[in-house]
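Hi,

Here is the structure I promised to pass on to you. Have it open while you read, and my notes on it come right after.

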Amino acid sequence: MADFLQLLVSGLATGSIYALAGLGFTLLWQASGTINFAQGEFVMLPAFMMLAFAALKLPLLLSFALTCVVAVLVLGWAFKRGIADPLLRFGMMPIVVATIGLAIALRNGVRAGYSAEAHPFPSLFADKLFDIAGVTVTLADIGTLAFALVLVLGTQAFLAKTVTGRAMQAVAQNTDSATVLGIDVPRMVFYTFAINALLACAAALLVTPTYLAKFDMGESLGTKAFFAAIIGGFNNSRGALLGGLIVGVCENLAAAYISPTYKDAVALVIFMAVILFKPQGLLGKRVERKV
Amino acid sequence: MTRNLLVGLLALAFLIAVPPFLKSYGIYLFSYWLVFVIATMGLNLTVGYAGQKSLGHAAFFGIGAYTVAIVMKAGLSFWLGLPLAMLGCFAIGLALGFPALRVQTIYLAFATLGFNTAVWLVMRNEEWLTGGTFGINNIARPSLFGFSLDGNLAYYYFVLGTTLLLAALLWGLLRSPWGKAFTALRDNPIRAESLGVHIQAYTLLSFAIGAVYAGIAGALFASLVQFIEPAPFTVAASIMMYLMVVVGGPGYFFGPLLGSAVGVLLPEWLRFAQAWYLFVFGAAVIVLMLWLPDGLLSIPDRLRARRHAREAAAARAAAAAKVGAQA
């Protein structure tokens, strides 16, 4: 039982990181129809940026803040202007392939320009163990889970409660009506790209201490984030959180109780079940087919 | 129409005449390229003509390769393995089509991607069957009507012949009512359905036929490289095949020929950039998409559209001048 709870907690921590990356992915899709195959690389790049700032002897939180600024500029603004804006009107295929190209370029750019090795990354949380009713949990697990939850719920609240957030939702639901209502659509779409970049930075800060900074760390992370987003419901931003947590927990439990070699298949099995029985995702709304 | 034929003949002449002058690595690369042409021809049918999203094509490629390798390891002939691979891919492709009846676009893309991961995990973990990460080595090359295809050049011409045969079959298929049904499925499924096209059947068929092409390509691949392991059949490989189709021009008959050249030959050619070659490749793909979102083969269409626009502008100017002269 204690083992089970331990696995549950660390699974929740991993899952909350999937949720962060998955949430950004969902937001981009809702607001602009962009499917970002470089989502995992969007987490990998900030990790290396933080390492670069840390190499200048800056404290971790300051390098995180600087990385956020750079990420909003590069992964938010430049990505939107350079790749998403020109390609979106040609449908799904070109943007998918362009982001695949971007993923290849980023991954191998870091590999060639920085290093092919895995680099250790300072943890935000002290190396401390808690013993709660016989269950040992690390401060890092609890802290990661709490931090990620705060971010996801904060994003939720921002979208639901503020004027800007509601305008962003309006754009996501119906771009034309939003334009008619006088909402500055391009600006709202940019905000979405910026939030995606910030969530990616946060995910990088939380995940890299355990995954280590490596050029290909984004590969599996990106796939898990996609699965999380779809399991929860692609047209619902709460879905990514639910999906992420489910994937994280089930993966951990399956690795311990079933077989570690098929750990990566867990997300897949849940995903297939969801697709077959509730294609719109656990929390998603059904979309009617239109001529 | 005749121009298509001309392009095809020119390409064929090139493919027949050039390889004898190449070193063995060059011949190997050409064979490798053609194997991917076969695989992406199948994917082009699924993605480009029938408009489905598939990111699991490398799984069929792998199933084909492993089927042939396992059959040949058991001491049986390549010519038994090949039909088995085709049959297996057809059946599994049909099964993979079922999610496509439920979900579309991005969901379908990820369902197929997930399928690919599952197949890859089986290849990696089930050592008794697939040899796990050690793979299967010493896969022999087949012989055809008593001719040994052991030599690189002989095998290359065998792959070329198969490519031509499969291309001709695909050409015939696309010209048949089936081909029209596939494009109808892509352009407007609801309308196609109301016109009496059995869209469920055609969706499943587009996956199954595409899968058979990948299976054949996989079988040829196993005998070409003579050693297979799970690595060439990952999700990344599927994504790469999708990229080849889109870069070449989805829904263009010769798209896979160019797309596979970009995916297989361009990285080789970029090796002068050394460690940076994949970075350059990725950047090239982005630039290519920004420049030609409909793929390389949209260039002629684009030129034609530009010429029409110019002619129309000239006609307008002439008409305006005439009106001006009358006034």
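Below is what I found, going from the chain contact to a few single residues. One thing to keep in mind throughout: this is a predicted model.

**Where the chains touch**

Let's start with the contact between the two chains. Chain A puts in 33 residues and chain B puts in 32 residues. On the chain A side, the elements that give two or more residues are α3 (60–87), α4 (92–113), α9 (217–232) and α11 (265–277). Which of them gives the largest share? That is α4(A), with 13 residues. If you sort the chain A side by residue class, you get 27 nonpolar, four polar and two charged.

**Domains of chain B**

The domain assignment splits chain B into domain 1 (25–296) and domain 2 (299–327). Their C-alpha centres lie 44 Å apart.

**Two crossing helices in chain B**

When two helices pack, we describe the pair by the angle between their axes and the distance between the axes. Try that on α8 (residues 177–187) and α10 (residues 199–225) of chain B: the axes come within 10 Å and cross at roughly 100°. An angle from 65 to 115 degrees counts as roughly perpendicular, so that is how α8(B) and α10(B) sit to each other. From α8(B), the contact uses Ala181(B), Phe182(B) and Leu185(B). From α10(B) come Ile199(B), Tyr202(B), Thr203(B) and Ser206(B). By class, this contact has five nonpolar residues, two polar ones and no charged ones.

**A helix you can check yourself**

Now have a look at α5 (residues 105–125) of chain B, which has 21 residues. At 1.5 Å a residue it should span 30 Å, and its end C-alpha atoms are indeed 30 Å apart, so the two agree. Is α5(B) largely enclosed or largely open? Since 15 of its 21 residues are buried, α5(B) is largely enclosed by the rest of the structure.

**Two residues with positive phi**

Finally, two spots in chain A. Lys57(A) is not a glycine, yet it has a positive phi of about 65°. You'll find Lys57(A) in the loop between α2 (39–55) and α3 of chain A. It has 7 other C-beta atoms within 10 Å, and 12 or fewer counts as exposed, so Lys57(A) is exposed.

Leu212(A) is also not a glycine, and its phi is positive at about 70°. Leu212(A) sits in the loop between α8 (185–211) and α9 of chain A. With 14 C-beta neighbours inside 10 Å, Leu212(A) counts as partly exposed.

Have fun with it!

How values were computed
Residues numbered from 1 in each chain as written. Chains lettered and ligands numbered in written order. Predicted model: local features only at pLDDT ≥ 70, side-chain atom pairs only at ≥ 80, totals over all residues. Domains from an automatic or database assignment. Contact = placed C-beta atoms within 7 Å. Helix = DSSP H or I, 4+ residues; strand = E, 2+ residues; numbered from the N terminus. Nonpolar A, V, L, I, M, F, W, Y, C, P; charged D, E, K, R; others polar. Axes fitted to C-alpha atoms, helices over the stretch in contact; angles between N-to-C directions. Parallel < 35°, antiparallel > 145°, perpendicular 65-115°, else oblique. Expected span 1.5 Å × (residues − 1). Buried ≥ 20, exposed ≤ 12 C-beta atoms within 10 Å, placed from the backbone.
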